[in-house]
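Walk me through this model, starting from its cysteines and ending at its core.

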Amino acid sequence: MKKIEDCVVKRKGHTEHYDPKKVYASVYAAALSCHYSETKSEKIADKITSKINSWIKVEVKNKKCVLSYSIRDKVYENLNKIDKDVALMYKHHLDLS
């Protein structure tokens with residue numbers, strides 16, 4: 001039996017392991033794009049990654065898999081609460097990919 005951390009359904013339908021490093025990297029890059037220092041970018045990325053890790057463990061523990069867009073939406077929602085500029089940069093980057 002797979003744990004929720006082990007099953008993320010991607011856009012094209014395939015699954016892969018949940019990787020908190022991907023959340024961290026995308027938030028970190030968005031913060032750097034806002035011309036924040038590496039230290040401030042790291043703090044924002046750490047905070048959001050921690051929130052997403054907790055959300056995955058608590059909120060979706062009864063599901064077999066979590067959809068990648070649900071993770072992206074939750075990242076954006078949490079970012080928007082702490083830094084609207086980084087949230088906008090994060091969303092803009094997603095729209096381009």
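**Cysteines, fold and core**

Cys7 is buried: its relative accessible area is 2%. The model is a predicted one, and every value here is computed from it. Buried, in this setting, means under 20% relative accessible area. Cys65 sits on the other side of that cut-off. Its relative accessibility is 25%, so Cys65 counts as partly exposed. Cys34 has a relative accessible area of 17%, which means that Cys34 is buried.

Which residue does a disulfide join to Cys7? The partner is Cys65, with an S to S distance of 1.7 Å. A pair of cysteine sulfur atoms counts as a disulfide within 2.5 Å, so this pair qualifies. The count comes to one disulfide. A disulfide is a covalent bond between the sulfur atoms of two cysteines. The torsion about the S-S bond of Cys7 and Cys65 is about 65 degrees, and the disulfide is therefore right-handed.

Now place the two ends of that bond. Cys7 belongs to the segment before strand S1 (8–9). Cys65 lies in the loop between H2 and strand S3 (66–67). The two cysteines are 58 residues apart in sequence, so the disulfide ties together parts that far apart along the chain.

Next, the fold. The chain has four helices and three strands. Along the sequence they follow the pattern β-β-α-α-β-α-α. What share of the contacts with a separation of 6 or more comes from residues 24 or more positions apart? The share is 54%.

Then the core. The largest nonpolar core has 22 residues. Within this core, Ile71, Val75 and Leu79 touch the most other members. Four helices each supply at least two of its residues: H1 (20–33), H2 (38–59), H3 (68–82) and H4 (84–96). H2 gives the largest share, six residues.

Take Val75 as a way into this core. Set aside its neighbours within four places in sequence. Val75 is then in contact with Val23, Val27, Ile48, Ile52 and Tyr90. By the helix ranges, Val75 belongs to H3. Val23 and Val27 fall in H1, Ile48 and Ile52 in H2, and Tyr90 in H4. Val75 thus has contacts in H1, H2 and H4.

Last, the chain as a whole. Of its 97 residues, 34% count as buried. The chain exposes about 6500 Å². Carbon and sulfur atoms supply 53% of that area.

Terms used:
Residues numbered from 1 in each chain as written. Predicted model: local features only at pLDDT ≥ 70, side-chain atom pairs only at ≥ 80, totals over all residues. Heavy atoms only, no water. Core = buried A, V, L, I, M, F, W, Y, C linked by side-chain atoms within 4.5 Å. Buried < 20%, exposed > 50% of the residue type's maximum accessible area, 1.4 Å probe, protein only. Contact = heavy atoms within 4.5 Å. Areas by Shrake-Rupley, 256 points an atom, 1.4 Å probe, with all protein chains shown as cover.
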